Structures are given as C-alpha cells and as structure tokens.
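Hi everyone, thanks for making time this morning. I'd like to walk you through one structure, so let me put it up on the screen.

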Amino acid sequence: MDFSNQYLHSSIGKKQIVAVTGLMLILFVFGHMAGNFFIYGGPDAYNAYAKKLSSLRPGLYLVEFGLLLVFLVHMHVTFLLVMENIRARSVPYSVQKPKGERSWATRLMPYTGSIIIAFVIWHLLDFTFTDHHGARAILDGKDYGLYGVVYNAFSDITHSLLYIIAVACLGLHLSHGLESFFQTFGFNHPRYTPMIQNISRLFGLLMFLGYSSMPVFVLIKNFS
C-alpha cells in the first residue's frame, strides 16, 4: 500500500480531510452570509447582487460543482470516522475523558450535522430551485424577483423560526468545526488553545446572529 492509500485509510488522514473540507465550507458560509447582507440595501441592491452572480455562469457551475464535491467528501469521510468511533467503543479505554469536559457544540455535533444536511436541501429548494419571478416574488402586486421570494418566505413566522433554529445549529457546528481544524493540525498549547476555543465560539455566534438577522429584519419590518 503506497503512502497516499495509507494516509486515506488512517484516522489522522481522515480527520485532516474532514478538517480541510470543513474549513472550505466555513469560508463559503461566511462569504454567502456577507452576500446576503445586500438584502439590507433593498430590492435593487439584493437583486443586483443575485444578477451579478448569475452573470458569472457558466464558470459558476464549476464552483458549485466543486463546492458540492467538497460537501460530499466532508460528509462521507465524517461518516467513516463516526463508524470507526462506534467500533472503537466496543474496546474499553483505561482512561476516558470526562463528559463534562466536552462542549455542547461537540456533544451535539452528530445532530447539528444531520439538521444542516436537511437545512441545505430545504434552503436550495426554497430559494435556489424556485421561480424567482413567480407568485412568491410578488410584493404589493409587483414582481420583486429573488428579493420578493426571500422577503415573502421570512414574512411567515413559522418559516423564520425554523430558519433561525437551523442557523443556530449551523453556528454550533461551525464553532466546533473551526476549533477542531486547529486541533487536528496540532495547534494545541496551554496558552493559545483557550484563545482558539473562544474565537471559535465567537465565530459560531456571529454566524448565527448574521444569518438569523435576516428573518428578524423582515419580521420587524412587517410588524412595524
């Protein structure tokens, strides 16, 4: 077995693949959130942003395919690691890490990951693979394009609450993912590890606040 096969079949190799693909997804999620902030500029700004992205096709298809590939690799290798951990649990450890030392983000990782997969599918069907000039785009009798689709979606309290719950899970997942990236590549130090943990938690919180601010913004506008 050559080095590449040994690496791919080793636990550390799998963990590093998960860490790197996870970081790539984190960067995308951050960029996607920044783009969504155009909604605060109104219909013209938001639709101009969406139109600019569409103008990048067909090159954008390559980016989307690459992103999908990264997402699938991340899920697949994570699944392999989970199965390894399940098998390893049948072997008793002489020393076990106290459960209390694990953060909530770590404990909830399998659940937040599953929710995120469902959320991604829902999000694509909700905003991407839908008619941007159909009935859902109409506001006060006028076609507002993608802005109208997003605004109408978040005008529904149930829809907004489900979205906020989903991005809360996303924030927890990203918090753990960013911290794990540094741990996987050996950035462990008594002085710097607590700082990395705090930065990771802050990043997850900012992602949650950033994404959830959009449905909150729409609901406030509707009730004001």
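**A helix pair, and some rings**

Let's start with helix α8, residues 157–184, and helix α9, residues 193–223: their axes come within 7 Å and cross at roughly 165°. An angle over 145 degrees counts as roughly antiparallel, so that is how α8 and α9 run relative to each other. As for handedness, α8 passes α9 in a right-handed crossing. And what kinds of residues make up the contact of α8 with α9? They divide into 19 nonpolar, seven polar and two charged.

I should say right away that this is a predicted model, so please keep that in mind as we go on.

Let me step back to the whole chain. You'll find nine helices and two strands in it. Reading from the N terminus, the order of the elements is α-α-α-α-α-α-β-β-α-α-α. If you take a box along the principal axes, the C-alpha atoms fill roughly 70 × 40 × 35 Å. Of the 224 residues, 33% count as buried.

Now for the aromatics, which I enjoyed looking at. How many aromatic pairs does the structure hold? There are 13. Ring pairs also join Phe-119, Trp-122, Phe-127, Phe-154 and Tyr-163 into a cluster. If you'd like to follow along on the screen, try picking out those five side chains.

One last ring to show you, this time with a charged partner: Arg-57 lies over the face of Tyr-61, and the distance to the ring centre is 4.5 Å.

That's my tour, and I'm happy to go back to any view.

Methods: Residues numbered from 1 in each chain as written. Predicted model: local features only at pLDDT ≥ 70, side-chain atom pairs only at ≥ 80, totals over all residues. Heavy atoms only, no water. Phe/Tyr/Trp six-rings, centres within 6.5 Å; stacked < 30°, edge-to-face > 60°. Lys NZ or Arg CZ within 6 Å of the ring centre and 35° of its normal. Axes fitted to C-alpha atoms, helices over the stretch in contact; angles between N-to-C directions. Helix = DSSP H or I, 4+ residues; strand = E, 2+ residues; numbered from the N terminus. Parallel < 35°, antiparallel > 145°, perpendicular 65-115°, else oblique. Left-handed = near helix turned anticlockwise from the far one by under 90°. Nonpolar A, V, L, I, M, F, W, Y, C, P; charged D, E, K, R; others polar. Buried < 20%, exposed > 50% of the residue type's maximum accessible area, 1.4 Å probe, protein only.
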